[in-house]
Amino acid sequence: MSIIKACIFDLDGVIVDTAVYHYKAWKRLANEMGFDLTVEQNEKLKGVSRTRSLELILQWGGITKTPEEQEVLAAKKNDWYVDMISHMTPDEILPGAKEFVIACRVAGLKTALGSASKNSGTILEKVGIVGLFDAVIDGNKVSKPKPDPEVFLAAAAELNIAPGNCVVFEDAIAGVEAAKNGGMKAVGIGSPDVLGEADLVVSGLNDMSLAKLYML
Ligand code: BG6
Ligand code: MG
């Protein structure tokens, strides 16, 4: 009998690929301030909160801003980002993601979303998967960024499942660490070189199965 009773999914990079939109918006902001943002730098922003992302970008550009100015800049970036995600369609769900979440539900497992994003509601609605999760915990409900386990522990609590019976699906190193810090199993989505701390690494949810889940 498997100990797995719930699956908690990160959103960006696991269910949908919004990194490209985050990148476009941050790059536009950096360009306005007179410097560029590389794809490699964008990689370092995956799973990182909006506030912390801006701090890193300003650091890379060698620019100092007051907390008030930073708030204005973060809001500006978010306006551009929200404009882009408001045009998302169900086609942008990553391959196999919807099918795997449904398979978990059919198997009687609870499902939750555990994301740092404050825009998860818009994204779920635009890609048409609002009803797929028994609980949605996002950046509006928690304040401690991954690798703090707060977001995943809140999801487990809302599902009424003990952390030890939960598996987290994550594409970010900090997210895998957050799952482990919360006493949960972690499945990394991406490359084993990057996500080595995870209990299992798959290239995407299209490479995941209930058989692999029950072996964790
Ligand atoms: C994470 C993304 O899921 O959410 C980060 O990987 C992003 O890139 C963070 O900064 C916060 O998202 P948002 O939508 O609240 O700015
Ligand atoms: Mg992610």
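How many of the five residues of β5 are buried? In this predicted model, four of them are, so that β5 counts as mostly covered. Strand β5, residues 185-189, is a convenient place to enter the sheet, since its pairings lead outward to other strands.

On one flank, β5 runs parallel to β4, and four bridges join the two strands. Within this pairing, V167 has K185 as its bridge partner in β5, and the chain passes from β4 through α8 to β5 in a β-α-β crossover that is right-handed. Further along, E170 finds its bridge partner in G188 of β5. The residue G188 is also bridged to V201, which lies in β6, and the pairing of β5 with β6 (residues 200-202) is likewise parallel, extending over three bridges.

From β4 the sheet can be followed to β1, with which β4 pairs in the parallel sense over four bridges; here I8 has V168 of β4 as its bridge partner. How are the two faces of β4 covered? On one side C166, V168 and E170 are buried, and on the other V167 and F169 are buried, in keeping with a strand in which five of five residues are buried.

The loops that follow β1 and β4 bring us to the metal site. The magnesium ion (ligand 2) is coordinated by D10 (OD), D12 (O) and D171 (OD), at 2.0 to 2.1 Å, and along the chain these donors follow the spacing D-x1-D-x158-D. Distant parts of the chain are linked in this way, for D10 belongs to the loop between β1 (6-9) and α1, whereas D171 belongs to the loop between β4 (166-170) and α8 (173-181), 161 residues apart. Both D10 and D171 are buried.

The same strands also raise the matter of the cysteines. A disulfide is a covalent bond between the sulfur atoms of two cysteines. The structure holds zero disulfides, and C7 is in none, the nearest cysteine sulfur being that of C104, 3.8 Å away, which lies outside the 2.5 Å cut-off for such a pair. Why does C166 form no bond of this kind? The closest cysteine sulfur to that of C166 is in C7, and at 8.5 Å it is too far for a bond. Both residues are nevertheless shielded: C7 counts as buried because its relative accessibility is 0%, and C166 is buried as well, with a relative accessible area of 0%.

Turning to the helices, α1 comprises the 14 residues 19-32, and because a rise of 1.5 Å a residue predicts a span of 20 Å, the separation of 20 Å between its end C-alpha atoms agrees with expectation. Its buried residues are A19, Y21, H22, Y23, A25, W26, L29 and A30, and these pack against α2 (39-43), α3 (50-61) and α4 (67-85). Just after α1, the backbone at G34 adopts a positive phi of about 95°.

Beyond α4, the loop that leads to α5 (97-106) contains D91. Is D91 buried or exposed? With a relative accessibility of 71%, D91 counts as exposed. In sequence D91 and V16 are 75 residues apart, while in space their C-alpha atoms are 9.5 Å apart.

Key:
Residues are numbered from 1 along each chain as its sequence is written. Chains are lettered from A and ligands numbered from 1 in the order in which they are written. This is a predicted model: local features need pLDDT of at least 70, side-chain atom pairs count only at pLDDT 80 or more; totals for chains, interfaces and linings use all residues. Side-chain values use heavy atoms; hydrogens and water are left out. The expected span of a helix is 1.5 Å times one less than its number of residues. Buried means under 20% relative accessible area, exposed over 50%, partly exposed in between (1.4 Å probe, protein chains only). Contact means heavy atoms within 4.5 Å. Donors are N, O and S atoms within 2.8 Å of the metal (3.2 Å for Na, K and Ca); water is not among the atoms, so sites may look incomplete. Two strands pair if DSSP finds at least two bridges between them. A crossover is right-handed if, with the strands pointing away from the viewer, the path from the first strand over the helix to the second runs clockwise.
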